[in-house]
Amino acid sequence: MSEEQTTKSSEDKIIHREIAINTQNDGNDHSKIALERILSRGTITIAYCSTTGTCAGFAKRLHQELLNRSSSSSSTHRVVQLIQVSEVDWWDELLVNNDEDDDGSNNNNNNNSNSSSNKNGAGPPILLFLLPTWTNGTLPPNSTQLLTSLHEISTDWRVAPEPLRASNNDCQLKVGAFGMGSSAYDGSTVGKPAKDVFATLVGKLGARPLVTKFVGSKKGGDGKKSKSLMIGDDEVGDAGIIFDKWMGGIVASIFASVDNDGGNGSGGGANNVISGRGKNKGRANNKNKKEKKQPEEQSCGDVDGNNEESGCACKSSDKGDDVTNGATGCCSSNDDANDATGCCSNNDQKDNEDNPSMTDSLSDEEEEDNDDPPSDDDDDDYDSEGEDIVDLEDMGNVIQQQQSSTKKSKEPQEMVTPKQAKALKKEGYKLIGTHSAVKLCRWTKHQLRGRGGCYKHTHYGITSYQCMEATPSLACANKCVFCWRHHKNPVGREWRWKTDDPKMIVAAAVEEHVSMIKETRGIPGIQMDRWTAAHRVRHCALSLVGEPIMYPMINELLRELHEREISTFLVTNGQHPKAIEDLVPITQLYVSVDASTPEMLEEIDRPLFRDAWDRLKSSLTCLKRKGQRTVARLTVVKGWNSDEIGGYARLIALGHCSLVEVKGVTFCGKSDASNLNMSNTPWHHEVVEFTKILREELNAIRAEGGDDPLPEYDLACEHKHSCSVLLARVDQFAVPDPEDPSKRKWKTWIDYDKFAVLAARNAADPTFKFGVEDYIADTPAWAVFGADEEGFDPTDNRHRKKTKHPKYNKFDDEGIPTHDTFNEPLSTDEISKLRKIMEEKKRQIGDATTVTELHGGEKVIDDASLMFRGLVVTR
């Protein structure tokens with residue numbers, strides 16, 4: 001949706017135009033929204049893209065702040081507009097200038113000067129970017145055109161050099177950028193897109209940095225350290241503080257003339273901003289100091305010699321030394337690399353001609369205070385907090401300081417920050433020590449009330465009300481798009497935090513879990529015999545959040561659980577193959593297989609490791625050497641990873657996994673951290689079809705033979721409520737049915753008492769080995785694939801909300817309903833009527849499933865065969 005809002009100030013109308021942050025597929029053509037040209041005078045444009053919502057939130061805050069300031073003062077900027085990077089044709093916006101006749105720029109591509117914003121006294125155009133860091137230091141897939149366009153413009157011989165440079169300071173485009181990233185992925189790529197965009201605009205295209213090194217006020221004289229480019233590191237956790245400093249500098253620079261001259265200035269206050277090499281409070285002192293110390297200094301860049309806004313000056317010395325770059329970027333010599341903010345482009349650009357990335361051309365901040373010794377006034381103006389800012393100019397020094405401080409510090413930090421702890425506790429996590437947590441699963445509460453157990457109850461026979469969901473590591477090496485925790489937990493590739501004692505973790509987890517069980521006593525429908533039995537924990541699902549196998553004492557923790565006769569179900573994302581190899585025998589080991597190709601893995605799991613695909617394959621290969629039950633766990637996300645099923649089969653074949661769990665993704669509501677929607681959740685019949693195709697692919701690989709042929713897999717169990725289907729190895733879990741030898745009898749359930757004995761014997765004597773068949777148990781008939789119960793335990797009662805009863809209970813292969821809400825067959829006439837409705841729908845959207853990708857990466861699935869499945873009635 002678009003929004004246009006007009007408010008009146010004392011003199012001018014301030015126009016607020018916005019392309020909404022959450023752009024939806026509403027059928028409107030957002031490209032037709034009447035926005036001002038980016039190069040129009042008096043216009044402030046905020047361009048952003050976002051993956052987890054952080055940059056979108058910051059952009060909205062900045063937009064509102066600028067709108068408020070513009071409305072409450074005699075601003076020279078009449079338009080404040082918020083746009084998404086993907087909505088802009090950057091070639092057109094940066095090379096077609098409707099104010100060209102006034103600006104004297106190098107851009108000769110347009111002769112239209114009839115812009116309504118070209119008014120006397122209007123400030124210079126301002127362009128502000130808020131950009132996240134995607135995989136390998138790139139922009140999100142839907143926004144990569146920005147960097148591509150900037151690179152093409154800067155290298156196209158048809159475009160004049162520095163097309164954004166203007167001889168008239170009031171028409172000079174000024175830019176600022178704020179970048180977000182996480183050093184947990186790669187410290188060298190944090191904020192790289194923002195750096196590249198800023199460096200190209202300023203270093204090659206002739207734009208100017210908006211913020212000088214020190215932004216001050218004539219009235220107050222209080223200098224605040226801020227720069228045109230700043231970077232926030234999500235791993236450090238102070239991105240909000242850094243953004244506030246960046247925004248403060250941006251706002252102060254834009255409204256400097258209004259604040260200092262009562263609104264009578266022009267040019268957006270650029271002439272009143274402090275610049276230069278010293279730390280003086282006033283422009284006059286700074287100018288006098290330059291005149292005394294640099295008599296041979298010459299202006300560059302602007303033909304009228306007015307370069308105060310960027311601090312751009314070339315100076316020579318008696319010895320003919322090379323040009324020294326200023327803090328905010330001046331002309332560089334042919335030999336030296338451009339300054340961090342890159343006011344003028346380097347003539348020697350051969351290293352960057354073939355690469356759109358400009359990061360490598362940037363240097364660390366020059367030692368610019370060596371020429372002028374600090375004075376008492378300098379100390380008064382200095383903002384010590386500015387040293388904590390991780391921005392382009394300081395990035396190299398900051399990284400070195402962080403590495404140095406890390407080496408000096410002998411005491412590792414706690415894993416969870418106070419902000420993360422608050423978010424996790426708000427969602428019901430009980431934090432244990434410094435890096436562990438436990439939470440009561442909803443299936444535990446369901447089975448306590450006799451409303452059915454989870455799919456592990458159907459597939460493996462666990463008692464859901466005696467199962468504890470926990471993790472010894474809240475940190476994870478992936479940021480999966482379907483993660484139900486919405487990435488409120490830490491991330492990391494290796495363990496670098498304090499390590500709590502495993503005995504303490506287990507004891508505290510059990511205590512917290514039992515305490516939560518006790519709190520359920522007052523819930524209506526609780527069955528007291530189950531409630532009493534639930535005080536003894538029999539199973540532990542190490543799958544709550546994070547990557548449990550990262551915990552360096554995971555084997556000790558597992559043995560502690562086994563000593564308490566608690567079975568262990570450990571889920572890993574397959575990024576730590578060595579830890580899998582070293583793992584002690586456990587009840588069941590899972591490896592998540594979320595993608596069938598390297599490209600899909602990057603898109604779905606967003607791994608921190610650059611060699612994530614190789615690590616996944618190594619982890620699956622390790623499973624072949626494990627003696628106990630191993631599971632390849634596939635989470636199907638429609639439109640994301642539901643294709644290339646043959647690739648999944650080849651991955652499973654690496655480990656000869658005992659079991660293959662195929663489960664539809666659970667939609668957990670909209671989140672800034674995920675682009676998923678309800679249409680990405682498959683129906684149970686779609687998961688069944690996916691699993692059948694996977695079985696065929698596995699059989700095809702088995703038919704190829706070889707020295708180590710793949711075992712046979714078949715459909716063993718299903719749990720419709722969880723949209724889950726289980727493939728099991730026939731050689732390990734199937735025996736001839738005594739009543740009918742032509743049929744199979746499945747043994748996917750676990751003899752937990754037997755496992756406890758085997759695990760204890762192995763702990764006492766590590767040379768003792770045991771295998772899958774040593775602790776299998778019969779699968780009940782209701783849990784077997786194809787049973788009428790569809791995996792729901794008949795000893796429980798299925799509970800539905802009054803308004804959530806399905807309108808139709810059964811469907812044919814085309815998706816036409818055949819039975820009503822009471823499971824009674826529909827009449828032939830009614831079925832015919834429904835068929836005609838579906839045929840009309842297919843004429844509108846087509847027979848096949850269509851995937852529509854929206855701005856921001858969201859994928860919407862349309863399928864006419866599903867149109868009747870979600871209908872509900874009140875009973």
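Which residues does Gly450 touch, not counting residues up to four places away in sequence? In this predicted model, the partners of Gly450 are Gln527, Arg530, Asp796 and Asn797, where contact means heavy atoms within 4.5 Å. Residues are numbered from 1 along each chain as its sequence is written, and side-chain values use heavy atoms, with hydrogens and water left out. As the model is predicted, local features need pLDDT of at least 70 and side-chain atom pairs count only at pLDDT 80 or more, while totals for chains, interfaces and linings use all residues.

Gly450 sits in the loop between α12 (442-448) and α13 (455-460). Helices (H or I, at least four residues) and strands (E, at least two) are DSSP runs, numbered from the N terminus. Gly450 is buried, at a relative accessible area of 4%; buried means under 20% relative accessible area, exposed over 50%, and partly exposed in between (1.4 Å probe, protein chains only). Arg798 is 348 residues away from Gly450 along the chain, yet their C-alpha atoms are separated by 8.4 Å.

On the scale of the whole protein chain, there are 24 helices and 32 strands. Of its 875 residues, 56% count as buried. Among contacts between residues at least 6 apart in sequence, 72% join residues at least 24 apart.

Next come the nonpolar cores. A nonpolar core is a set of buried Ala, Val, Leu, Ile, Met, Phe, Trp, Tyr and Cys residues joined through side-chain atoms within 4.5 Å. The largest one holds 91 residues, and the members touching the most others are Met468, Leu634, Ile652 and Leu694. Helix α14 (residues 502-519) supplies the largest share of this core, with seven residues. Another core lies apart from it, with 33 residues that include Trp90, Leu139, Val197 and Leu201.

Back in the largest core, Leu694 has contacts with Leu634, Ile645, Tyr648, Ala649, Ile652, Val660, Val662 and Leu727, leaving aside neighbours within four places in sequence. Several names in that list recur in helix α20 (residues 645-655), which is mostly covered, with nine of its eleven residues buried. Those buried residues are Ile645, Gly646, Gly647, Tyr648, Ala649, Leu651, Ile652, Ala653 and Gly655. They pack against a mixed set of elements: α18 (598-605), α19 (612-623), β19 (629-636), β20 (659-664), α21 (684-703) and β21 (713-719). Just after α20, His656 takes a positive phi of about 45 degrees.

Positive phi turns up elsewhere too. Cys723, although not a glycine, has a phi of about 50 degrees, and its place is the loop between β21 and β22 (724-729). Cys723 is buried, with 15% relative accessible area. Glu565, also a residue other than glycine, has a positive phi near 55 degrees. Glu565 belongs to the loop between α16 (554-563) and β17 (567-572), and at 39% relative accessibility it counts as partly exposed.

As for helix pairs, helix α4 (residues 145-155) and helix α5 (residues 192-203) pack at an angle of about 25 degrees, with their axes 10 Å apart. Axes here are lines fitted to C-alpha atoms, for helices over the stretch in contact, and angles run from 0 to 180 degrees between N-to-C directions. The two helices are therefore roughly parallel to each other, a label for angles under 35 degrees. On the α4 side, Leu146, Leu147, Leu150 and Ser154 meet Pro193, Asp196, Val197, Thr200 and Leu201 of α5. By type, the residues of this contact split into six nonpolar, two polar and one charged; Ala, Val, Leu, Ile, Met, Phe, Trp, Tyr, Cys and Pro count as nonpolar, Asp, Glu, Lys and Arg as charged, and the others, Gly among them, as polar.

Two further loop residues are linked through Glu414. Arg496, in the loop between β15 (467-471) and α14, is 82 residues from Glu414 in sequence and 8.9 Å from it in space, C-alpha to C-alpha. Arg496 is partly exposed, at 37% relative accessible area, and touches Glu235, Pro412, Gln413 and Val491, again not counting residues up to four places away in sequence. Thr434 lies in the loop between β13 (430-432) and β14 (436-439) and is buried, with a relative accessible area of 15%. With residues up to four places away in sequence not counted, Thr434 touches Glu414 itself, along with Met415, Val416, Lys498 and Asp500.

Notes
Parallel < 35°, antiparallel > 145°, perpendicular 65-115°, else oblique.
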